[in-house]
Amino acid sequence: MTNERVLAVCRSNWEYRGIDDASVREMLAELTAHLEDAAAAGRTPQDVVGRDVKAFAASWARARMPLHRRVLRMAALIPFVVGSLLLYTHLINWTTVVDVGPGRLAFWLSIGVVTVLLELRRGSLGFRKGWIVGLGVGIPALFLTEKLAGNATLLAMPLWGTALLTLPGIAYLVAERRAKAPKES
């Protein structure tokens with residue numbers, strides 16, 4: 001892996017985690033200096049960052065971004081994702097009320113827990129790995145829960161409730177976008 005590739009992976013990981021642009025530039029400058037020093041000493045980029053560049057970037061980001069900010073981000077984005085999935089279900093079924101049973105609840109909870117754990121540890125899962133988590137964790141949890149607990153309706157989620165679930169994530173994303181927007185002079 002080249003120095004440029006290591007820097008690109010780290011940059012995307014840090015930007016995904018919501019680290020501000022000034023800190024990302026500072027971290028990239030520091031990492032570039034370390035990589036150049038290693039190259040001058042005849043070492044490879046893997047000698048500096050290790051075999052797993054994403055894990056390296058994630059650990060550095062955790063050191064830069066306090067836990068309370070990471071928890072706030074996940075607390076805003078998890079209801080947003082669940083609300084988005086419910087909204088998709090409303091649209092597919094063309095209904096204003098979605099029945100939520102134990103299987104569907106287990107599906108969302110298992111995907112949410114695994115995604116949060118993996119993303120807090122390693123960074124972004126990406127689209128393909130997100131589908132793998134959904135298929136490998138969510139679907140078995142859905143079928144197992146429906147087999148054990150049945151298919152009874154636990155709650156009926158109205159369309160307005162689904163919209164309310166997405167609000168914290170939308171507010172967080174808007175605030176994040178505004179914070180990243182370049183300041184006009």
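**View 1. Gly-50 sits in the loop between helix 3 and helix 4.** In this predicted model, helix 3 covers residues 45-49 and helix 4 picks up at 53-64, with Gly-50 in the loop between them. Is Gly-50 buried, exposed or partly exposed? Its relative accessible area comes out at 25%, so Gly-50 counts as partly exposed, given that buried means under 20% and exposed means over 50%.

**View 2. Gly-50 and Leu-118, shown together.** These two residues are 68 positions apart along the chain. In space, their C-alpha atoms are separated by 19 Å.

**View 3. The fold, element by element.** The chain has eight helices and two strands. Walk along the sequence and you get α-α-α-α-α-β-α-α-β-α. The radius of gyration is 20 Å, while the globule rule gives 16 Å for 185 residues, so the chain is more spread out than a compact globule. Along its principal axes, the C-alpha trace spans about 65 × 45 × 25 Å.

**View 4. Contacts and burial in the chain.** Take the contacts with a separation of 6 or more: 78% of them are between residues 24 or more positions apart. As for burial, 33% of the 185 residues are buried.

**View 5. Surface and charges.** About 11,600 Å² of the chain is exposed, and carbon and sulfur atoms supply 65% of that area. How far apart are the mean positions of the positive and negative charges? With 22 positive and 15 negative charges in the chain, the two mean positions are 5 Å apart.

Key
Residues are numbered from 1 along each chain as its sequence is written. This is a predicted model: local features need pLDDT of at least 70, side-chain atom pairs count only at pLDDT 80 or more; totals for chains, interfaces and linings use all residues. Side-chain values use heavy atoms; hydrogens and water are left out. Helices (H or I, at least four residues) and strands (E, at least two) are DSSP runs, numbered from the N terminus. The radius of gyration is taken over C-alpha atoms; the globule rule is 2.2 Å times the number of residues to the power 0.38. Buried means under 20% relative accessible area, exposed over 50%, partly exposed in between (1.4 Å probe, protein chains only). Contact means heavy atoms within 4.5 Å. Accessible areas come from the Shrake-Rupley method with a 1.4 Å probe; for residues, only the protein chains shown count as cover. Lys and Arg count as positive and Asp and Glu as negative; His and the chain ends are not counted. The place of a charge is taken as NZ of Lys, CZ of Arg, CG of Asp or CD of Glu.
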